[in-house]
Amino acid sequence: MSKPIRVLVTGAAGQIAYSLLYSIAKGDVFGADQPLVLVLLDITPMMTVLDGVLMELQDCALPLLKEVIATDKEEVAFKDLDVAILVGSMPRKEGMERKDLLKANVKIFKSQGTALDKYAKKMVKVVVVGNPANTNCLIASKSAPSIPKENFSCLTRLDHNRAKSQIAMKVGVTAKDVKNCIIWGNHSSTQYPDVNHAKVKVQGKDVGVYEAVKDDNWLKGDFIATVQQRGAAVIKARKLSSAMSAAKAICDHVRDIWFGTPEGEFVSMGIISDGNSYGVPEDLIYSFPVVIKDKTWKIVEGLPINDFSREKMDATAKELTDEKETAVEFLSTA
């Protein structure tokens, strides 16, 4: 058996973590022969709840789980990490301005970035889930200058999976028959789900999505709106946010970082925009199509971008630029 890896999940007493921890602990993410030390971080008032989660993980009697550590201290949580999955963030409360939300989260992610810088391994892979995920990820990265920017990513895989599933349902195939959807930009309602380069397997052969769906108005209208608004739709129906599908997307995202993407397929993740060829401003965490090999992502280059796409890609970049400016202002005082 290989040496255990240390994996941190923050917001570990919350509902996404409750759906996520079992999948990680039983080997769905890092493989069936990779032992784990799971570190669970949450805020002090949640420690009693976190103890309950700890007991349940112990009671699962999982062969790969070497140790579970529950803590409210960053110096314990971030020590010697191989992977950090940052789920915890300040949720938006009724009547809260986006600016207030950003301010509260800049404080959290500056602190966690600083702790990563100080205590984690330099090759740690950091995935930010807590919203606003892109900007939180940028702040964490800026607060951890000794860790390569490329090691930070944020979750847009849930949006990617939502897009994939909408197309599959429309065509009447399963999700595994749809590949190369793209989420461009921010994990917010300005994100752009793009299927211009996606393929659907119909009767054994790969067909472009526009050809397979045969409904351009739907693809340019309701499809995009459905994916953009899906999180809100789930909250409206469940009265709780999408935890099961978010946890599944986190597993997909981290597994692809660890083991790479399948040949001929790309996935979406929020990554540093430096040096991209799609006209996206530098120094943003922006969702791009990527392929991953040897735990290193590469943006898929050379995809033709039509005017419809260009406009949507620019709009989400503008939102991210505005968010970044507000967040960086707060950074100096956080």
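This passage describes the two largest pockets of a predicted model and the residues that line them.

Rolling a probe the size of a water molecule over the atoms shows where empty space is left. In the predicted model, the largest pocket found has a volume of about 1700 Å³. Its lining is made up of 47 residues, and those closest to the centre of this pocket are Ser89, Met90, Pro91, Arg92 and Asn131. Two or more lining residues are given by each of the helices α1 (15–25), α4 (98–119), α6 (157–171) and α9 (222–238), with α4 providing the largest share, namely six residues. When the lining of the largest pocket is sorted by class, 20 residues are polar and 19 are nonpolar, while eight are charged.

The second largest pocket has a volume of about 410 Å³, and 24 residues line this space, of which Asn161, Arg162, Lys164, Lys248 and Asp252 lie nearest its centre. At least two residues of this lining come from each of α6, the strand β7 (178–179), α9 and α10 (244–259), and the greatest contribution is that of α6, which supplies nine residues. The lining of the second largest pocket comprises 10 charged, eight nonpolar and six polar residues.

Considered together, the two linings draw on some shared elements, since α6 and α9 are listed both for the largest pocket and for the second largest pocket. The main contributor to the lining is α4 in the largest pocket, whereas α6 takes that place in the second largest pocket.

Terms used
Residues are numbered from 1 along each chain as its sequence is written. This is a predicted model: local features need pLDDT of at least 70, side-chain atom pairs count only at pLDDT 80 or more; totals for chains, interfaces and linings use all residues. Side-chain values use heavy atoms; hydrogens and water are left out. On a 1 Å grid over the protein atoms alone, a cavity is a set of points where a 1.4 Å probe fits but cannot get out, and a pocket is an open set with protein on both sides within 12 Å along at least five of seven lines; lining residues have an atom within 4 Å of a point. Grid points are joined across faces, edges and corners, and a volume is the space filled by probe spheres set on the points. Helices (H or I, at least four residues) and strands (E, at least two) are DSSP runs, numbered from the N terminus. Ala, Val, Leu, Ile, Met, Phe, Trp, Tyr, Cys and Pro count as nonpolar, Asp, Glu, Lys and Arg as charged, and the others, Gly among them, as polar.
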